[in-house]
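User: Could you take me through the cysteines and the charged pairs in this structure?

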Amino acid sequence: MGKKQIAVIGGGPSGLMAAEVLAERDHAVTVYDAMPTVARKFLLAGKSGLNITHSEPYAVFAERFGNASPRLRAALDAFTPDDVRQWAAALGTKTFVGSSGRVFPEVMKASPLLRAWLKSLEGRGVRILTRHRWTGVEGSELVFDTPDGKKLASADATLLALGGASYPRLGSDAVWVPQLGERGVAVASFQPANCGFDVDWSETFRDRFAGAALKGVTATSPAGTVPGEFVVSSSGIEGSLVYAHAAPLRDRLVGGEKADLVVDLAPGRAAERLAKDLGRFDSKTSFANRLRKGAGFEGVKAALLRELAPEAARMSPPDLAALIKALPIPLRRPRPIAEAISSAGGVQWDSIDDSYMLKALPGTFVAGEMIDWEAPTGGYLLTACFATGRAAARGIVRWLAQ
């Protein structure tokens, strides 16, 4: 078939993975990125330990993407979590399974893996041009804004891997939305995903407990009941346990409904046992001591109970136990999308064919977070970005062969 010129616009995990697949097929691949360096969000994710995928049974893993799970399934089948680990190992990065089932590099960093990946791509002839911001097309040519001014580039096929709308300072700024919309591509509005929420804390509680972690709790929402921990922030609540419930809670708030995250402060005790333990103390025992000795907690947990239920100290043991087992935290709104770990929304699936090509723009493909899907944290996001990048690359190969 001969070498074809392929433009990959966006140097995140999806774009780089697509470039790898295309270069393996001996195509001439150029990756364009608007930022001074590629994969900035990938590197940021790795600062606290790169969660590269998840070890849970694949049938469960593949359903973690909500309504988009059926559309993502073929891409995920072709690049499963086990494949992710083998791919990383081939680049010299060994991985391990943490206690939560999440998979991490042994070095707990993203930078060694990225360096090896970029070196491998360079060895395959992939060219990477940074500070090249895609601004659209003129005729059949791609247009880029660069430090040296406007530049045009030709390509036999183009992959857009421009990210969603979270962390705009790292390059995912969604400025591409009107460009595609004007050309007949349907794009769902972006919303924060894996995000924190605002809560109307009292000034006293906020000043004393902002930054405090609530550990050893479970939280319940329409997403189910999940154990974990979260953090009280100056504006509300943040953390992995909150993110696990973010999607349905966000949707309720956006729909104008009331939304509570219901927290069990003592998940290790049944309500009946808790009521019995609390009932051992007479009215002379302070509320703080009743909670410490009867419920087994103090500090931020006790303060949260007082904050949300000022009448708690006067409750009967059974009523207090019931509240401790199901304390509702009333949420006001999601935190801004610029703070969110990821985003929901993007190019709608009806605008994409099974090869990840835009129906309105033959020869232009999309991958990664710019498509309308979301997932919880835990390695799901990154695995799906890898998988859709590879799927779009295979789509390009098939389209060029035709």
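Analyst: The answers below cover disulfides first and salt bridges afterwards. This is a predicted model, in which local features need pLDDT of at least 70, side-chain atom pairs count only at pLDDT 80 or more, and totals for chains, interfaces and linings use all residues. Residues are numbered from 1 along each chain as its sequence is written, and side-chain values use heavy atoms, with hydrogens and water left out.

User: How many disulfides are there?

Analyst: The count is zero, a disulfide being a pair of cysteine sulfur atoms within 2.5 Å.

User: Why is Cys-385 not bonded to Cys-195?

Analyst: The closest cysteine sulfur to that of Cys-385 is in Cys-195, and the 17 Å between them is too far for a bond.

User: Is Cys-195 buried or exposed?

Analyst: Cys-195 is buried, at 2% relative accessible area. Buried means under 20%, exposed over 50%, and partly exposed in between (1.4 Å probe, protein chains only). Cys-385 is also buried, at 8%.

User: New topic: how many salt bridges are found?

Analyst: The whole structure has 20 salt bridges, each a side-chain nitrogen of Lys or Arg within 4 Å of a carboxyl oxygen of Asp or Glu.

User: Which residue pairs with Asp-77?

Analyst: Asp-77 pairs with Arg-73, their closest N and O atoms lying 2.9 Å apart. The two are four residues apart in helix H4 (residues 69-78), so about one helical turn separates them. Helices are DSSP runs (H or I, at least four residues), numbered from the N terminus.

User: What about Asp-277?

Analyst: Asp-277 forms a salt bridge with Arg-280, at 3.2 Å from N to O. Asp-277 is buried, at 5%, whereas Arg-280 is exposed, at 54%.
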